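Visitor: I would like to go through a structure with you, one topic at a time. Could we start with a single residue and work outward?
Guide: Certainly; here it is.

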Amino acid sequence: MLSIGVDIGGTKIAAGVVDEDGRIIASTTRRTPATDAELIEAGVADAVTELRAQHEVVGVGVGAAGFVDADRRVVRFAANLAWRDRALAEHLETATGLPVVVENDANAAGWAEYRFGAARDAAHMLMVTVGTGLGGAVVLDGRMLRGNGGFAGEIAHMTAVPDGQWCGCGRRGCLEQYTSGTALVRAAKHRAAIGDPVMEPLVAAAGGDREEITGPLVTRLAQQGDPGSVDLLHDLGAALGRGVASIAALLDPGAIVVGGGVAAAGDLLLEPARAAYEEDVTARMHRPMPTWAIAAMGNEAGIVGAADLAR
């Protein structure tokens with residue numbers, strides 16, 4: 001039984017036909033016209049039409065970056081896409097003639113890791129995606145946690161630092177402002193601007209212009225042993241670990257999976273995160289510690305998870 005998974009990002013719509021074992025057997029992409037909801041939907045419908053021309057599918061799962069209602073039909077709000085109380089599933093069903101399930105993109109990726117990836121042996125999983133922003137997904141007792149309105153798992157907007165950095169959500173001090181690729185780059189540029197000498201190799205690698213520093217550049221230099229870049233990832237990882245420790249006080253996950261672009265740093269991110277978690281978590285001497293792992297499904301997670309949830 002095949003289904004189609006669609007991952008809608010800020011710049012690209014990625015879609016694939018997925019089998020019951022989580023394998024993508026055909027795929028295609030479209031550009032995301034982020035400011036026009038109807039054009040986004042037209043792009044998704046066009047991709048689905050292309051894929052189903054060669055494969056018999058039972059439905060479509062869509063991973064959408066935003067707040068999706070508990071019925072998995074309506075995108076209530078998306079910070080970077082043109083959705084405000086948009087009945088996305090209904091519109092896509094009309095356009096494709098197939099049943100459609102809409103899921104938050106982080107939930108879709110988390111479900112893929114739970115079913116087929118790094119947490120497939122766990123009953124209770126927390127996934128955090130550390131990319132441009134911060135995403136979260138929670139599986140408890142084998143069920144995706146969605147909450148009353150469908151907004152559960154939005155760990156990005158937990159308060160980490162009262163009256164801290166302004167966040168795109170309109171509040172201050174959100175965890176995302178300290179544990180994301182954006183936060184990593186902001187910290188690097190700030191330290192370079194105040195003349196921190198340990199940032200000099202990073203600035204040099206950016207062509208002498210601190211404004212050209214990027215997250216992948218920090219990761220690459222850290223992997224080459226640059227002390228300043230290692231330090232930046234350490235601070236980010238420690239902030240992540242402390243944030244996850246607060247989440248664990250409520251959810252007590254058995255597996256913590258870290259995905260997103262910054263996860264390419266591997267143990268340079270994971271080790272300080274784990275250490276900070278074990279230092280901060282409640283009753284640390286009397287509870288079993290969760291496993292920590294880098295996400296295994298890579299960029300395919302959103303497609304695979306959305307397709308599996310649709311099935």
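Visitor: Where is Glu103 placed?
Guide: This is a predicted model. In it, Glu103 sits in strand β8, which covers residues 100-104.

Visitor: Is Glu103 buried or exposed?
Guide: Glu103 counts as buried, because its relative accessibility is 3% and the cut-off for buried is under 20%.

Visitor: Which residues is Glu103 in contact with, leaving aside neighbours within four places in sequence?
Guide: Glu103 is in contact with Val62, Gly63, Ala64, Val68, Arg72, Ala108, Arg146 and Leu309.

Visitor: Let us change topic to the nonpolar cores. Which residues touch the most other members in the largest one?
Guide: They are Leu202, Val244, Val258, Tyr277 and Trp292, in a core of 41 residues. Two or more residues each come from β9 (125-130), β10 (134-140), α4, α5 (200-205), α6 (215-223), α7, β12 and α8. The element that gives the most is α7, with nine residues. Another core, of 30 residues, lies apart from this one and includes Val6, Val60, Trp83 and Leu88.

Visitor: What is Tyr277 in contact with, again without neighbours within four places in sequence?
Guide: The contacts of Tyr277 are Gly241, Val244, Ala245, Ala248, Ile256, Met289, Pro290 and Trp292.

Visitor: And which residues of α8 are buried?
Guide: Tyr277 is one of them, together with Leu269, Leu270, Pro272, Ala273, Arg274 and Ala276. The buried residues of α8 pack against α7 (227-251), β12 (255-259) and β13 (291-294).

Visitor: How many ångströms apart are the end C-alpha atoms of α8, and what span should its residues give?
Guide: The end C-alpha atoms are 19 Å apart. Helix α8 has 14 residues, 267-280, and at 1.5 Å a residue these should span 20 Å, so the two values agree.

Visitor: Now the pockets. What volume has the second largest pocket?
Guide: Its volume is about 440 Å³. There are 21 lining residues, and the closest to the centre of the pocket are Gln177, Tyr178, Asp235, Ala239 and Arg242.

Visitor: Which elements give two or more residues to that lining?
Guide: Those elements are α4 (181-193) and α7. The largest share of the lining, seven residues, comes from α7.

Visitor: What is the lining of the second largest pocket by class?
Guide: It has 11 nonpolar, six polar and four charged residues.

Visitor: Where has α7 come up, then?
Guide: Helix α7 gives nine residues to the largest nonpolar core, and seven to the lining of the second largest pocket. The buried residues of α8 also pack against α7.

Methods:
Residues numbered from 1 in each chain as written. Predicted model: local features only at pLDDT ≥ 70, side-chain atom pairs only at ≥ 80, totals over all residues. Heavy atoms only, no water. Helix = DSSP H or I, 4+ residues; strand = E, 2+ residues; numbered from the N terminus. Expected span 1.5 Å × (residues − 1). Buried < 20%, exposed > 50% of the residue type's maximum accessible area, 1.4 Å probe, protein only. Contact = heavy atoms within 4.5 Å. 1 Å grid on protein atoms, 1.4 Å probe; cavity = no way out; pocket = protein on both sides within 12 Å on 5 of 7 lines; lining within 4 Å. Points joined across faces, edges and corners; volume = space filled by probe spheres on them. Nonpolar A, V, L, I, M, F, W, Y, C, P; charged D, E, K, R; others polar. Core = buried A, V, L, I, M, F, W, Y, C linked by side-chain atoms within 4.5 Å.
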